[in-house]
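Got your viewer open? Here is a short tour, one selection at a time.

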Amino acid sequence: MSESAESACPAPAPAPAPASSPPSRRAVLAGAGAGMLAATVLPSAAARADGSGAGVPLGEYDVVVVGSGASGMTAALTAAVRGLSVLVVEKAPTFGGSAARSGAGIWLPNNSVILAAGVPDTPQKAAAYLAAVVGDGSPADRQAAFLANGPRMLDFVMANSPLRFRYMDGYSDYYPDLPGGLANGRSIEPDQIDGNLLGAELARLNPAYMPVPAGMVVFSQDYKWLNLAAVNAKGLAVSTECLARGTKAALCGQKPLTMGQALAAGLRAGLMRAGVPVWLNSPLVDLVQEGGAVTGVVVEKEGVRGVVRARRGVIVGSGGFEHNAEMRAQYQQQPIGTQWSVGAKENTGDGIRAGQRAGAALALMEDAWWGPSIPLPGEPYFCLAERTLPGGLIVNRAGARFVNEAAPYSDVVHVMYEKDRGATGSHIPAWLIVDQNYRNKYLFKDILPTIVFPEAWYEAGAAKKAWTWDALAGQIGVPAGALRATLNRFNAQAWNGADPDFHRGDTAYDHYYTDPGVQPNSCLAPIWAPPFYAFKIVPGDLGTKGGIVTDARARALRPDGSVIRGLWAAGNASAAVMGHSYAGAGSTIGPAMTFGYVAANDIADGTTA
């Protein structure tokens, strides 16, 4: 390594205590039996664990957190720093949940990172905007609690973990024209982390939904420009910068992590430093109730069903139910598919169901963090830039446009379902149509411009290709004349730079994933160059957004509004503070972390119902 390269490497951060290191004396005393009892009881009890009853005692802690995603790990870190003994139980063989798979945008008004970057946010603006976006979709006191505690949570996480954050400058709030909306946005994302901080624990990090290209270090905000690397000078510069970061990390012997991988790794490193154990492969079976209060959890650990007592409380942060076909059929509109979700596959509603059995009310179960998705073989692809870049449109079964393709992704799917209601199959699936001019310019998923799409996409029916509009119409089953009329009208509007039909390009958000080299409207370009491509669009999601109803202190509530003592919930296991809407990039993770923090502080404060 050259001297210059070596000097450019940041000094390594102190390694956190390994996962197997003994916790503090307080934690040992408070959690007596959690380690030693498990070691001595589990082997002899294995033969007796027949799946009936609660099972053997597995230990006792002040707080038990269910789930190791963003909400769960933030809650556990908060409780531990507040001096409580904490255990995290996780169903999966990995930690991080859906957060680890994500781009890890975090929407938090008035946080210290955006204020330091000069964002002109104020509590008044944020409150006005959230109220305008969410309306009565969630209680006003919960909205206020999110806005008040979000900035505190972020500062706490930075003070107690290696996580640092970057402002996603220019990533607009999703409704910037509403009162308090910001055209440059309020979203942040994790800065780069060296995976070496985790030691052997790095191998247990849930993999990313879309791995970063080998040899590069890429942030979420970079993808806007990587899409344009073939046609835009800044796109090329950002691509070069991503490669340079990767080269530097390699020379420094780092294992660079960004986006959701960085967020999950940073929170896990914080837990390791705080001596918080995380039991993987330990699914929640049920909640333990005594005298009307939740006092622990039943889990399966190493094949043994057992009870972990929680002296102060249980925090459910186990994610949604996106991979539970029965629950989706029960609560959500058809057609729906677990195979269309990119949420962690272990998210089958275990915590929500356990909360319901304990008496909790549920809300927003019909909704999800939707997004137009292509059902590719193996795993769906959640479309962001692809449906917004100029030179594409979305049509229904009648061959007609029906939505602003550049609208917030959740809104697009809401429209699909609304228009499909009463006429099943009219809008689901829909089809995204682009031409070769589009393909020559822009990245599509991870396929470089001009590179042919995998044959498997065509074999699965997720993609179609034809040399004429009429032939493409035949392949996707829409009337040829109607599709011709739609394309002719769209092309005329694209040349003029205006979309009076659906107002594509009217807001700053519409222009985020677009090509600034296309004028007069960077969202719009005609579709004229053969061959033409069509991609099946289904209602995919990042996870479900319905779950346990909670109050402003993250306490679980019964249908009559009374508090279930000993039970808190956060993240996608709880009904979203965003209601049926989506304020900006990171409206899932920002509230999840915030209410995990709120729940743990409420327990530590020892306040009563």
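**First stop: a buried pair**

Select Glu 201 and Arg 268: both are buried. Keep in mind as you look around that this is a predicted model. The two form a salt bridge, with the closest N and O atoms 3.2 Å apart. They come from distant parts of the chain, 67 residues apart: Glu 201 sits in the loop between strand S6 (193-194) and helix H9 (223-226), while Arg 268 belongs to helix H11 (residues 259-273).

**More salt bridges**

The structure has 26 salt bridges, and two others are on our route. Pick Arg 401 and Glu 405 next, whose side chains meet at 2.8 Å, N to O. Are they buried or exposed? Glu 405 has a relative accessible area of 0% and Arg 401 one of 11%, both under the 20% cut-off, so both count as buried. Now add Asp 499 and Arg 504 to your selection: salt bridges with shared partners tie these two, Arg 401 and Glu 405 into one network.

Then jump to Asp 605 and Arg 82, another salt bridge, whose closest N and O atoms are 2.8 Å apart. Here 523 residues separate the partners, with Asp 605 in helix H19 and Arg 82 in the loop between helix H4 (70-81) and S2. Asp 605 is partly exposed, at 48% relative accessible area, and Arg 82 is partly exposed too, at 39%.

**Along strand S2**

Follow the chain on to S2 (residues 86-89). Val 86 and Val 88 are buried on one side, Leu 87 and Val 89 on the other, so both faces are covered. S2 runs parallel to strand S1 (residues 56-66), joined by four bridges; Val 63 has Val 86 as its bridge partner. S2 also pairs in the parallel sense with strand S8 (residues 278-279), over two bridges. Look for Trp 279 in S8, opposite Val 89.

**Into the core**

Which residues touch the most other members of the largest nonpolar core? Of its 133 residues, they are Phe 165, Leu 263, Ile 315, Ile 374, Phe 535 and Met 578. Helix H19 (residues 589-605) gives the most to this core, nine residues. A separate core of 31 residues includes Leu 58, Leu 287, Val 304 and Ala 573.

**Last stop: the surface**

Finish with Leu 448, Ile 451 and Val 452, a nonpolar surface patch with about 310 Å² of accessible area together. Val 452 lies in the loop between helix H15 (436-441) and helix H16 (455-459), and counts as exposed because its relative accessibility is 66%.

Conventions: Residues numbered from 1 in each chain as written. Predicted model: local features only at pLDDT ≥ 70, side-chain atom pairs only at ≥ 80, totals over all residues. Heavy atoms only, no water. Core = buried A, V, L, I, M, F, W, Y, C linked by side-chain atoms within 4.5 Å. Buried < 20%, exposed > 50% of the residue type's maximum accessible area, 1.4 Å probe, protein only. Pairing = 2+ DSSP bridges. Patch = residues over 30% accessible without salt bridge, like charges linked within 9 Å, V, L, I, M, F, W, Y side chains within 5 Å. Areas by Shrake-Rupley, 256 points an atom, 1.4 Å probe, with all protein chains shown as cover. Salt bridge = Lys/Arg side-chain N within 4 Å of Asp/Glu carboxyl O.
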